Amino acid sequence: MAGPLIRDDRANGRLEAFQEDAPAGDPVGVVVYFVLDAEPHALVAVHTVVEEAHEGKGIAGALVRELYATAAREGVPVVPLCSYAARWAERHPDEAPVPSDEVVRAAKEQLRATPGLW
């Protein structure tokens, strides 16, 4: 089986995964994230979920890997506030640089100040 097609819906803060065997247009997994307003900017993962029928297929890992790849292309860190993304980062230190304490603190402050982000 091929990996999922992943689409970045930046305007809505969603990295979405699609599978050929899923109903047309319905994502089978998502990483909910936001862009940190403060300098240095960062992508902040706040939640990862995969539809039950698609669990165990590597979709969550593919989503988090793509979030880190996107951040690398943009030259910004990822702050994995989502527990899944944090565990993934621990298991893949070569792909998931640890963000500075300053960036993590700013991400947590923005999330607290803007509950609608998640």
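**Exercise 1.** Leaving aside its neighbours within four places in sequence, which residues is Val31 in contact with?

*Solution.* The structure is a predicted model, and a contact here requires heavy atoms within 4.5 Å. With the neighbours within four places in sequence set aside, Val31 touches Gly13, Arg14 and Leu15, then Ala45, His47 and Thr48, and finally Leu63, Val64 and Leu67.

**Exercise 2.** Find the residues that touch the most other members of the largest nonpolar core, and state which elements build this core.

*Solution.* Begin with the membership: the largest nonpolar core holds 22 residues, and those that touch the most other members are Val31, Leu43, Leu67 and Tyr68. Next, look for the elements that give two or more residues to this core, which are the strands E2 (14-18), E3 (29-35) and E4 (43-50) together with the helices H1 and H2. Of these, H1 supplies the largest share, namely seven residues. To complete the picture, a second, separate core consists of twelve residues, among them Val32, Leu36, Ala42 and Ala107.

**Exercise 3.** Decide whether the rings of Tyr68 and Trp88 are stacked, tilted or edge-to-face, and locate the two residues in the chain.

*Solution.* A pair of aromatic rings is described by the distance of the centres and the angle of the planes. Ring centres must lie within 6.5 Å to count as a pair, and planes under 30 degrees apart count as stacked. By this rule the count comes to one aromatic pair. In that pair, the centres of Tyr68 and Trp88 are 5.6 Å apart and the planes meet at 25°, which is the stacked arrangement. Tyr68 sits in helix H1 (residues 59-74) and Trp88 in helix H2 (residues 83-91), so that the pair links distant parts of the chain, 20 residues apart. Both Tyr68 and Trp88 are buried.

**Exercise 4.** Describe the overall fold of the protein, and explain why it is as compact as a globular protein of its length.

*Solution.* The first step is to list the secondary structure, which comes to three helices and five strands, arranged along the sequence in the pattern β-β-β-β-α-β-α-α. The second step is to compare sizes: the radius of gyration is 14 Å, close to the 13 Å that the globule rule gives for 118 residues, and therefore the protein is as compact as a globular protein of that length. The C-alpha atoms fill a box of roughly 40 × 30 × 25 Å along the principal axes. The last step concerns burial and contacts: buried residues make up 42% of the 118 residues, and, among contacts between residues at least 6 apart in sequence, 49% join residues at least 24 apart.

Note on methods:
Residues are numbered from 1 along each chain as its sequence is written. This is a predicted model: local features need pLDDT of at least 70, side-chain atom pairs count only at pLDDT 80 or more; totals for chains, interfaces and linings use all residues. Side-chain values use heavy atoms; hydrogens and water are left out. Rings of Phe, Tyr and Trp (its six-membered ring) pair if their centres lie within 6.5 Å; planes under 30 degrees apart count as stacked, over 60 as edge-to-face and the rest as tilted. Helices (H or I, at least four residues) and strands (E, at least two) are DSSP runs, numbered from the N terminus. Buried means under 20% relative accessible area, exposed over 50%, partly exposed in between (1.4 Å probe, protein chains only). A nonpolar core is a set of buried Ala, Val, Leu, Ile, Met, Phe, Trp, Tyr and Cys residues joined through side-chain atoms within 4.5 Å. The radius of gyration is taken over C-alpha atoms; the globule rule is 2.2 Å times the number of residues to the power 0.38.
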